[in-house]
Amino acid sequence: MGGRKWEDLNMDCLVNVFHKVGIESLLLDVPRVCKSWHRASLDPKCWESLMFPEDIKCKIWDNGRFSKRLMMEYQENFSSTAFIKFVIDRSRGCAAALGLPGCCTEEALEYAANECPELKTLKLNTDLPNKQRKIIPRLIPKWKNLEVLVLDRRHKMKEILDQIALHCSNFMRLSAPGIKVGNWEASAIVTSLPNLRYLVLNGATIERKSVVMILQGCKQLVHLDARGCTRFDEDDAEILELASHIPSFMCEGSRRNGRFT
């Protein structure tokens, strides 16, 4: 009973804890505990990772639990764009990771590009409309510190990777699970990202010759996840030989015909 209280924790300690919780908790749970927690929740370091809930709809006030809680707390009928801007503003330019919802508008994307100059990780939502997808290559130059990109086959990989090659010298990890990789995509990876270190393609449909192309062209790879892929076999001797220098190469469950045993 006589021990220290949570609210008496050092502010830096609180911030270190709170930056690990999600957006919903930072907005609706943490600030309500006590004044010191509320102050800590406003620190930009708590907002370095802006991974928005993927199920946010274009009409954010859809009677969902999250929507109701936001309305009760802020007494404001946010549009999805206004809400995204509101959260980005909390980071004060310090956001290092960003995952926008599928309802993200062009205006919100442009705002994110301008207000998150320190971004290192970008996750592109699979539900992002085509109109918004088309402007991603144009925005990449604003994220010069980008190191990690997560995307799917609906995005224009070549255009995005071309811009990364030109403007993001620290880029090291591409994650594209479930993507379809043919000669065109493999060539884009090799040409634009010859110094790539981490590549995640688990569940992808990838031609054998495309796997060979990537292994021959990306000599700096230290991790390649090609588990559960189709169009090449996990016990392919040439592929295993070409990948022998990669410390972490995974291709378990990959089958040429796509039938798993």
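## A walk through the model, starting at D233

Select D233 to begin: this residue is partly exposed, with a relative accessible area of 24%. The model you have open is a predicted one. D233 lies in the loop between β9 and α12.

Now show what surrounds D233. Leaving aside neighbours within four places in sequence, D233 is in contact with S254, R255 and R256. Draw a C-alpha to C-alpha distance from D233 to R255 and you should read 4.4 Å, although 22 residues separate the two in sequence.

**Next stop: R231**

Stay in the same part of the chain and pick R231, which is found in the loop between β9 (223-225) and α12 (237-242). What is the sign of phi at R231? R231 has a positive phi, about 95°, although it is not a glycine. Colour by accessibility and R231 counts as partly exposed, at 37% relative accessibility.

**Zoom out**

Before going on, take in the whole chain. The protein has 12 helices and 10 strands. Of its 261 residues, 44% are buried. Among contacts with a separation of 6 or more, 67% are between residues 24 or more positions apart.

**Helix α5 and the residue after it**

Select residues 80-91 for helix α5, which has 12 residues. From its first C-alpha to its last, α5 reaches 18 Å, close to the 16 Å expected at 1.5 Å a residue. Which residues of α5 are buried? They are S80, T81, F83, I84, V87, I88, R90 and S91.

Step one residue further, to R92, which follows α5. R92 sits in the loop between α5 and β2 (97-99). Its phi is near 50°, a positive value in a residue other than glycine. Buried or exposed? R92 is exposed, with a relative accessible area of 59%.

**From α5 across to α6**

Keep α5 on screen and add helix α6, residues 106-115. Two packed helices are described by the angle between their axes and the distance between the axes. For α5 and α6, the angle is about 10° and the axes are 9 Å apart. That makes α5 roughly parallel to α6.

Show side chains at this contact: T81, I84, K85, I88 and D89 on the α5 side meet E107, A108, Y111, A112 and E115 on the α6 side. By class, these residues divide into 5 nonpolar, 1 polar and 4 charged. T81, I84 and I88 are also among the buried residues of α5.

**Three helices in a row of stops: α9, α10 and α11**

Select helix α9 (residues 157-167) together with α10. Their axes come within 9 Å and cross at roughly 5°. The two helices are therefore roughly parallel to each other. From α9, M157, K158, L161, D162 and A165 meet W184, E185, A188, I189 and S192 in α10. This contact has 6 nonpolar, 1 polar and 3 charged residues.

Now hide α9 and bring in α11. Helix α10 covers residues 183-192 and helix α11 covers residues 208-217. How far apart are the axes of α10 and α11? They are 9 Å apart, and the helices pack at an angle of about 5°. That makes α10 roughly parallel to α11.

On the α10 side of this contact, pick N183, A186, S187, I189 and V190; they meet K209, S210, M213, I214 and G217 in α11. The classes here are 5 nonpolar, 4 polar and 1 charged. Leave I189 highlighted for a moment, since you will find I189 in the contact with α9 and again in the contact with α11.

**Into the core**

In soluble globular proteins, nonpolar side chains tend to be buried together. Here the largest nonpolar core has 75 residues, and those with the most contacts inside it are I164, L174 and I214. I214 is a residue you have just seen, in the contact of α11 with α10.

Centre the view on I164. Not counting residues up to four places away in sequence, I164 touches I140, L146, L149, F171 and L193.

**Last stop: V30**

Finish at V30, in the loop between α2 (23-28) and α3 (35-41). Although V30 is in a loop, the residue is buried, with a relative accessible area of 7%. Show its contacts beyond four places in sequence and you will find F18, S25, W37, H38 and S41. For one more distance, join V30 to A40: the two are 10 residues apart in sequence and 8.9 Å apart in space, C-alpha to C-alpha.

How values were computed:
Residues are numbered from 1 along each chain as its sequence is written. This is a predicted model: local features need pLDDT of at least 70, side-chain atom pairs count only at pLDDT 80 or more; totals for chains, interfaces and linings use all residues. Side-chain values use heavy atoms; hydrogens and water are left out. A nonpolar core is a set of buried Ala, Val, Leu, Ile, Met, Phe, Trp, Tyr and Cys residues joined through side-chain atoms within 4.5 Å. Buried means under 20% relative accessible area, exposed over 50%, partly exposed in between (1.4 Å probe, protein chains only). Contact means heavy atoms within 4.5 Å. Helices (H or I, at least four residues) and strands (E, at least two) are DSSP runs, numbered from the N terminus. The expected span of a helix is 1.5 Å times one less than its number of residues. Axes are lines fitted to C-alpha atoms, for helices over the stretch in contact, and angles run from 0 to 180 degrees between N-to-C directions. Angles under 35 degrees count as roughly parallel, over 145 as roughly antiparallel, 65 to 115 as roughly perpendicular and the rest as oblique. Ala, Val, Leu, Ile, Met, Phe, Trp, Tyr, Cys and Pro count as nonpolar, Asp, Glu, Lys and Arg as charged, and the others, Gly among them, as polar.
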